[in-house]
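Grab a coffee and work through these exercises with the model open beside you. Each one sets a task and then walks through a solution.

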Amino acid sequence: MTSSFPTPGLARFNALEEHAGVAALREVCASVEWGRRLLMGRPYAAVDDLLAASDAAMAWLSAGDLEEAMAAHPPIGRPKPGDPASAREQRGMADASEELRAEMLELNLAYQEKFGHVFLICATGRSGEQMRDALRERIGNPPEREREIVRIELGKINRIRLTRLLGQDAPA
């Protein structure tokens, strides 16, 4: 649950030296511009203020900044080896059948061919079937609409990761 009051994790984040802050935020989102905007806003009085700053930074990202952020995300169904965050976020695919995994691979490739980037969805709390259904639906979107959905989904992922960075329970 987020807080409107300062927390020990937020105090630690506010006190990080620049290089440590950059490194911590790169683990949340690979967009240099997003991280720069969040660091410029320090100190944050409350977790909610940091999350609002994250949302505002997402709104300002250029197409190139979004590409940079998306490039760090593995395809759904293939979390980064050795990356516990990636595995945790894609937990809904852990028990997926071979049939579902094969279908996700095929859909991911078709999506990537159409849009030029991985299918990005906030996978936390979603089943493999829910992610597949979202992918099936979104592959029919025009590129402009899909870009805005990606921005929203990335914002959700960033909020969850920021909350974890601060040592709080991530929102469901």
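**Exercise 1. Find the neighbours of histidine 117, then say where it sits and how much of it is accessible.**

Step 1. Skip the neighbours within four places in sequence, and histidine 117 is in contact with Glu67, Met70, Tyr111, Gln112, Arg147 and Val150. Contact here means heavy atoms within 4.5 Å.

Step 2. On the chain, histidine 117 belongs to the loop between H7 and H8. Helices (H or I, at least four residues) and strands (E, at least two) are DSSP runs, numbered from the N terminus.

Step 3. The relative accessible area of histidine 117 is 5%, so this residue is buried. The cut-offs: buried is under 20% relative accessible area, exposed is over 50%, and partly exposed is in between (1.4 Å probe, protein chains only).

A word on the ground rules: this is a predicted model, where local features need pLDDT of at least 70 and side-chain atom pairs count only at pLDDT 80 or more, while totals for chains, interfaces and linings use all residues. Residues are numbered from 1 along each chain as its sequence is written, and side-chain values use heavy atoms, with hydrogens and water left out.

**Exercise 2. Describe the overall make-up of the protein.**

Step 1. Count the elements: there are nine helices and zero strands.

Step 2. Check burial: of the 172 residues, 46% are buried.

Step 3. Look at the contacts with a separation of 6 or more: 71% of them come from residues 24 or more positions apart.

**Exercise 3. Work out which residues of H2 are buried, and what covers them.**

Step 1. H2 spans residues 18–28, and its buried residues are Gly21, Ala24, Leu25 and Val28.

Step 2. Look down the axis of H2: these buried residues fall within an arc of 95 degrees, so they line one face of the helix. The arc is taken from the directions from the helix axis to the C-beta atoms.

Step 3. Turn to the other side of H2, where His19 and Glu27 are exposed.

Step 4. Now for the cover: it includes helix H1 (8–15), helix H3 (32–40) and helix H9 (143–165).

Step 5. Zoom in on H9: Ala24, Leu25, Glu27 and Val28 of H2 meet Asn158, Arg161, Leu162 and Leu165 there.

**Exercise 4. Compare how two helix pairs cross: H7 with H8, and H3 with H4.**

Step 1. The axes of H7 and H8 come within 10 Å and cross at roughly 30 degrees. Axes are lines fitted to C-alpha atoms, for helices over the stretch in contact, and angles run from 0 to 180 degrees between N-to-C directions.

Step 2. H7 and H8 are therefore roughly parallel to each other. Angles under 35 degrees count as roughly parallel, over 145 as roughly antiparallel, 65 to 115 as roughly perpendicular and the rest as oblique.

Step 3. The H7 and H8 crossing is left-handed. That label applies if the near helix is turned anticlockwise from the far one by less than a right angle; clockwise makes it right-handed.

Step 4. H3 and H4 pack at about 140 degrees, with axes 9 Å apart, and are therefore oblique. H3 passes H4 in a right-handed crossing.

Step 5. Trp34, Arg37 and Leu38 of H3 make this contact with Leu50, Ala53, Ser54, Ala57, Met58 and Trp60 of H4.

**Exercise 5. Trace the largest nonpolar core, then follow leucine 38.**

Step 1. This core has 41 residues, and Phe13, Trp34, Leu38, Leu50, Ile76 and Leu162 touch the most other members. A nonpolar core is a set of buried Ala, Val, Leu, Ile, Met, Phe, Trp, Tyr and Cys residues joined through side-chain atoms within 4.5 Å.

Step 2. H4 gives the most to this core, with six residues.

Step 3. Beyond its neighbours within four places in sequence, leucine 38 is in contact with Leu25, Tyr44, Leu50, Ala53, Ser54, Ala57 and Leu162.

Step 4. As background, nonpolar side chains tend to be buried together in soluble globular proteins.

**Exercise 6. Find the cis peptide bond and place its proline.**

Step 1. The cis bond joins arginine 42 and proline 43, with omega at about 0 degrees.

Step 2. Proline 43 is in the loop between H3 and H4.
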